[in-house]
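Got the viewer open? Here is a short tour, with a suggestion at each stop for what to select.

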Amino acid sequence: MESMNEDANTVKEPSNLVTYLVVAAKIIVYILLRLGFTGMLAAVCIKPISFFKISGILEEVVMQSTFLAGSFLAAWTLLKNWDHLPVADLGLSLKGRAKDIFWGTFVALAIYAVGFGILYAIGEVEIAAVHFSAYELLLSWILMLLVALTEEIAFRGFVLGHLLAAGVNRFLALFLSSALFSLMHIFNPNFSLRAFLNILLAGILIGSTYIYTRNLWFAIALHLFWNWLQGPILGFEVSGGRLGGTLLSLELPEENIINGGTFGFEGSILCTALMIIAIVITLRSASKRSVCDPCPHSIPEPGHAGE
């Protein structure tokens, strides 16, 4: 019996290795296809942008639309031709997801209400001016929605979804996809090790419910309002960059690890602490809900499929 078990284990391990290599190959091909489709679509848009003299945040909206289209087309191509699965497998179904959208929005609001409130109270940020422009705020909201859809389709819908489908432990899969998500920001202005760690934590927080629900709408709502509140509303840099005008103009008495400096709130240790708290709460909540109301698309832990 012992030798039979050894033989079975010998057969099983290479099978797992092959599965993991295949999913790694899919992710690499997806990234390359995403870059290719986005590059082609962006090249097509350059002349119309120049001809119609589109500039500023509206130009960013147009270009971000090409990133979204490239991400979606790459995912659709591989799902259809390699996995033989419908595009619905990405997790974009809106049916019954109003609560996910609400809670994603709420988590972003809570983190920034607490974070900005503390920074303002201790004098780490000062409000220099208020500039209200409904047009700018609307365009910035649309831009951040496009950013959220683009990155969630790519990093949660495709990358994390494929890691889970390959049988990778859900928490390891969440970590790996979040690490890749953070590495994709490496060329952002003022990127640092602290910024890398905070964006990794942000990826874990954003994907915390997806590992149980296989649906993106909590993630999309959280990502959208995280970026919109951070930049266009409160006036921080968003992952080191700034796009268009902001409702509040901030002044930092000094750039440090408490207020995040030139990278924005995502470079702050206060952001680190708040995200860790939010991760613990959302993971516990999502785990409890998955037990009470299991999702038909949820992925069982490896070795527990029959439980």
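A word before you look for holes: a cavity here is a set of grid points where a 1.4 Å probe fits but cannot get out. By that definition, this predicted model holds two cavities of 30 Å³ or more. We'll get to both, but colour by confidence to begin.

**Confidence.** The chain averages a pLDDT of 90, and 90% of the residues score at least 70. Select residues 1-13: pLDDT is below 50 there, and the stretch has zero contacts beyond near neighbours in sequence. Now jump to residues 298-307, where pLDDT also stays under 50, although the model gives this stretch eleven contacts beyond four places in sequence. Where pLDDT is low, don't read the predicted coordinates in detail. Among the elements, helix H1 (residues 2-51) has the lowest confidence, with a mean of 82, while helix H3 (residues 98-121) has the highest, at 98.

**Inside H3.** Pick Thr105, which sits in helix H3. Is Thr105 buried or exposed? Its relative accessible area is 16%, so Thr105 counts as buried, the cut-off being under 20%. Show its contacts and you'll find Ala221, Leu222 and Phe225, leaving aside residues up to four places away in sequence.

**Helix H5.** Select residues 170-183, a helix of 14 residues that reaches 20 Å from first C-alpha to last, close to the 20 Å expected. Its buried residues include Arg170, Leu174 and Phe181. Turn on the surroundings: the cover over the buried residues of H5 includes H4, H6, helix H7 (210-213) and H8.

**The largest pocket.** Next, select Gln64, Val147, Glu151, His185 and Asn188. Of the 32 lining residues, these are the closest to the centre of the largest pocket, which has a volume of about 850 Å³. Which helix gives the largest share of the lining? That's H4, with six residues. By class, the lining has 17 nonpolar, ten polar and five charged residues.

**The two cavities.** For the largest cavity, select its lining: Met144, Gly231, Pro232, Phe236, Val238, Gly241, Arg242, Leu243 and Thr246. They enclose about 50 Å³ of space, and divide into five nonpolar, three polar and one charged.

Last stop: Tyr30, Ile31, Arg34, Phe155, Val159 and Met184 line the second largest cavity, at about 40 Å³. H1 gives the most to this lining, with three residues. Five of the lining residues are nonpolar, none polar and one charged.

Methods. Residues numbered from 1 in each chain as written. Predicted model: local features only at pLDDT ≥ 70, side-chain atom pairs only at ≥ 80, totals over all residues. Heavy atoms only, no water. pLDDT = per-residue confidence, 0-100. Helix = DSSP H or I, 4+ residues; strand = E, 2+ residues; numbered from the N terminus. Contact = heavy atoms within 4.5 Å. Buried < 20%, exposed > 50% of the residue type's maximum accessible area, 1.4 Å probe, protein only. 1 Å grid on protein atoms, 1.4 Å probe; cavity = no way out; pocket = protein on both sides within 12 Å on 5 of 7 lines; lining within 4 Å. Points joined across faces, edges and corners; volume = space filled by probe spheres on them. Nonpolar A, V, L, I, M, F, W, Y, C, P; charged D, E, K, R; others polar. Expected span 1.5 Å × (residues − 1).
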